[in-house]
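Hi there,

Here is the structure I promised to pass on to you. Have a look at it first, and then read on for what turned up in it.

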Amino acid sequence: MSAHMETVTGVDNRKFAMWSLIASECFLFGTLIVNYFVKRNRGLEGPTGPEIFDINLTTLSTFDLLMSSVAMVLALHYCRTKELRKMQAWLGVVVLGGAIFLGFQWYEFNHFVNLGLKLDTSVFGSAFYMLTGCHGLHVAVGVLWITSILITSLRKGEAWFNDTVIEVAGLYWHFVDVVWIILFTVVYLFVYI
Amino acid sequence: MSSANSQQTGLWSWITTVDHKKIGIMYALAAFFFLVVGGAEAILMRTQLLVPNNDFITARTFNSMVTMHGTTMIFLVVMPLSAAFFNYLTPLMIGARDVAFPRLNALSFWIFLFGGILLNFGFFIDQVPRGGWFGYANLTSLQYTPDLSVDFWAMGLQVVGLASLIASVNFFVTILNMRCKGMTLLKMPMFMWTNLVTQVLLMLSLPVITIALLMVTFDRHFGTGFFIPGEGGSVILWQHLFWVFGHPEVYILILPAMGIVSEILTTFSKKPLFGYSVMVYSSCAIGFLGFAVWAHHMFTTGLGPWATTFFSAATMLIAVPTGVKIFNWISTVWGGRIRFTTANLFALSFVAMFTFGGLSGIMHSSAPIDSQHQDTYFVVAHFHYVLYGGAVMALFGGIYYWFPKVTGRFMDETMGKIQFWLYMIGFNVTFFPMHFLGVQGMPRRNYTYAVDQGWDLWNWVASVGAYATAVGGIVFAINFFWSLKKGAKAEGDAWNGRTLEWTIPSPPHEYNFGIEPTVTRTDDFWYQKYSEDGKKLQPPKPEKYDPNDIHLPGPSYWPIILAAGITVAASGFFVQGIGLYVSLLGIAVVVVSVYGWSFEEA
């Protein structure tokens, strides 16, 4: 199967596919960001971004997501050095970081709804929820994926050090993280310009 | 894993197959089915327009026919037929045993098939999409289309698009990662190059339409106003998003055809492709520039002088690599020992018809002229010359060319030539007069016209041409089934070919190549048969191998289940009341099959 085959470029097929998917995802988020820029000042009702964004809270959740990316790097490292406990521990930290980020987002969305900004309140709200919601969905998929990897490792123990699988999941996780840095900049920081 | 000797047959083997050849055949059959549907829609429209003030079909039905003819022909005929060639030929041409991800390949096909059915589901409940193939906002809003037709359209395209996205990643990786020994990028057959560029275009343009369609769905189901001006939304944004996808899409349709034509012309001229590397660079240039011309579809929206100038210039620029290609094809044929087989006739007609369509395309690049042509039959004539005279003719050429490889039998040349001339004449009789109708001011998508408008003659002529084409289609169908049973037997190297697929038997073994091939140059197979000065060489004896040593990925039923889950999840939007639960059920099936898939021993 593809997993054990030599390739022309020397890059594993699955890793190559993930890079391709990331290229595609760039255009996905690019479209959402363009839509957000078009719509962000055109909300006719409800609160606007500068009125409700809480930069302190979002900075904290951004830091949390960044740290989970660091944990991913360490998990891959310990997979390659075949230190099972450390690898599992850091995979656990990645999952925890992702889950905490989702918690922040859950709280933020609830908070905004309480302030009167729902999905259908204004086009600003629609574009905001669609953009950050799409990113949140990507984080959720990542959490599910890395949890599955962790469970596989817990069940198979020393017999399972599949660094390609962890690297591919890591690529995805870092990409989701990079997207968030861009979103944090264009959604939350551009308010101050 | 299954051993190469255990040939499987029967319906179940097709449903669970991960063999790229079987998947390719299924893509082709599905495309033929939708070709009949899309063709019938065209015939209904031409019959309505046969005479002025006709009441053969209603205005509403006519709108549906316009919409579904365009959507079907683009997404369910030309794209899957190209995908059929990609599937069948990519591993054969690069000397591989299968694609990089065989099960994902099966998944792509099943998602495509179910998405195609979803797209056409409106026919069963008389709510056929009727907002045009480009579904301009705000025709698609709940206010102007309260029934479900837009949901079928948006969700159907969403699902079909997902199939293309998965396939594009798969083939991108396959071409770059699975080439046989010695086949560097610039030694690949031309078709593999246009294939590669097509996959890049698909990968980068599909996410844009995914988001745009999602926004339409949100507008209709969740109360947002992305495309509703009254709520601060932007109608023009839809046009931008649609054409950022839609223009690369045009090249997604034509690039595979260009590759197919390059293969056919070289074989039947017995000459190498003229200016191979320039052809490669032209394909890449077309792919790159294809992303910088979308707004030429929108000159009449008032983009302002700077944007108009830019997009006008970029559009003229893209004619350069395209023109280079046309001259290269002519130079390829020039001085060759040409065999006028049916396949070659179709390929040659592609070059001529595509040039016609390209010329009227350059006319459109001038914004002032475009403003006059916008929404007239001139535009209809233009894009049918490139997509029908171009892409479809090339695809038919490809069918005649590779039919012996797939089935081991030739298609009948006499019937083939009858079909070719019916198509060639019928096509030109239908679409050439549309140039006249266009400059006379006949608008597109109008279901009828009055007696005194001066459009009677050319409309009548165009309709007669369409009927001739339909007869050609019937001839093709007869030829197809007759040749399957009674066609002349074909050898492995059926046409004295140049590329790797002709080195193996027709039809190929399940494992493609007994011994993985090695190449040293472009058209390596040709130079094993002939020396540089054209003398016939003694071909090397084939090496012995044991088919039992070749291991292939086993069949899997997860792709079809996963595709069904995705389709059920999407169809939740059509069901009143319990829609959410239907979607959740679909998502549950998706989750289960993703895990089933992961734990399956591949």
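Leaving aside residues up to four places away in sequence, B:G225 touches A:V123, A:S126, B:D219, B:E231, B:G232 and B:G233. Please keep in mind that this is a predicted model. You can find B:G225 in the loop between α6 and α7 (235–269) of chain B. Is B:G225 buried or exposed? It has 26 other C-beta atoms within 10 Å, and a residue needs 20 or more to count as buried, so B:G225 is buried. If you measure from C-alpha to C-alpha, B:G225 lies 8.7 Å from B:M215, a residue ten positions away in sequence.

The two chains

Two of the contacts of B:G225 are with chain A, namely A:V123 and A:S126. Taking the chains as a whole, 27 residues of chain A are in contact with 30 residues of chain B. On the side of chain A that touches chain B, α1 and α5 (123–156) of chain A each supply at least two residues. Which helix gives the most to this side? That is α1(A), with 13 residues. By type, the side of chain A that touches chain B has 14 nonpolar, ten polar and three charged residues.

Chain A

Chain A has six helices and zero strands, which reads as α-α-α-α-α-α along the sequence. Its C-alpha atoms fill a box of roughly 60 × 35 × 25 Å along the principal axes. Of the 193 residues in chain A, 38% are buried. Among the contacts in chain A with a separation of 6 or more, 82% are between residues 24 or more positions apart.

Try looking at α1 (residues 13–39) and α6 (residues 163–189) of chain A together. Their axes come within 10 Å and cross at roughly 15°. An angle under 35 degrees counts as roughly parallel, so α1(A) and α6(A) are roughly parallel to each other. Their crossing is right-handed. On the α1(A) side, the residues that meet α6(A) include A:M18, A:I22, A:F29 and A:I33; on the α6(A) side, A:V168, A:L171, A:F175 and A:V179 are among them. The residues of this contact divide into twelve nonpolar, one polar and four charged.

Helices of chain B

Chain B has a pair to set beside that one. Helix α6 (residues 190–221) and helix α8 (residues 276–289) of chain B pack at about 15°, with their axes 10 Å apart. These two are therefore roughly parallel to each other as well, and α6(B) passes α8(B) in a right-handed crossing. The contact is made by B:M190, B:W193, B:T194, B:V197, B:V200 and B:L201 of α6(B), together with B:Y276, B:M279, B:V280, B:S283, B:C284 and B:G287 of α8(B). Those residues divide into nine nonpolar, three polar and no charged.

Next, find α16 (residues 558–571) of chain B. Ten of its 14 residues are buried, so this helix is mostly covered. The buried ones include B:W558, B:L562, B:I566 and B:A570. They pack against α4 (102–119), α5 (149–177) and α17 (579–599) of chain B. As for length, 14 residues at 1.5 Å each should span 20 Å, and the end C-alpha atoms of α16(B) are 20 Å apart, which agrees.

One of those partners, α4(B), has 17 of its 18 residues buried, so it is largely enclosed by the rest of the structure. The ends of α4(B) are 26 Å apart, in agreement with the expected 26 Å.

Backbone details

Most residues other than glycine have a negative phi, and most peptide bonds are trans. Where does the model depart from this? A:K82 has a positive phi near 55°; it sits in the loop between α3 (55–80) and α4 (84–114) of chain A and is exposed, with 11 other C-beta atoms within 10 Å. B:D126 also has a positive phi, of about 55°, and is found in the loop between α4 and α5 of chain B. The peptide bond from B:A137 to B:N138 is cis, with omega near -5°, and so is the one from B:S506 to B:P507, with omega near -10°.

Enjoy exploring!

Methods. Residues are numbered from 1 along each chain as its sequence is written. Chains are lettered from A and ligands numbered from 1 in the order in which they are written. This is a predicted model: local features need pLDDT of at least 70, side-chain atom pairs count only at pLDDT 80 or more; totals for chains, interfaces and linings use all residues. Helices (H or I, at least four residues) and strands (E, at least two) are DSSP runs, numbered from the N terminus. The expected span of a helix is 1.5 Å times one less than its number of residues. A residue is buried if 20 or more other C-beta atoms lie within 10 Å of its own, exposed if 12 or fewer, and partly exposed in between; C-beta atoms are placed from the backbone. Two residues are in contact if their C-beta atoms, placed from the backbone, lie within 7 Å. Axes are lines fitted to C-alpha atoms, for helices over the stretch in contact, and angles run from 0 to 180 degrees between N-to-C directions. Angles under 35 degrees count as roughly parallel, over 145 as roughly antiparallel, 65 to 115 as roughly perpendicular and the rest as oblique. A crossing is left-handed if the near helix is turned anticlockwise from the far one by less than a right angle, and right-handed if clockwise. Ala, Val, Leu, Ile, Met, Phe, Trp, Tyr, Cys and Pro count as nonpolar, Asp, Glu, Lys and Arg as charged, and the others, Gly among them, as polar.
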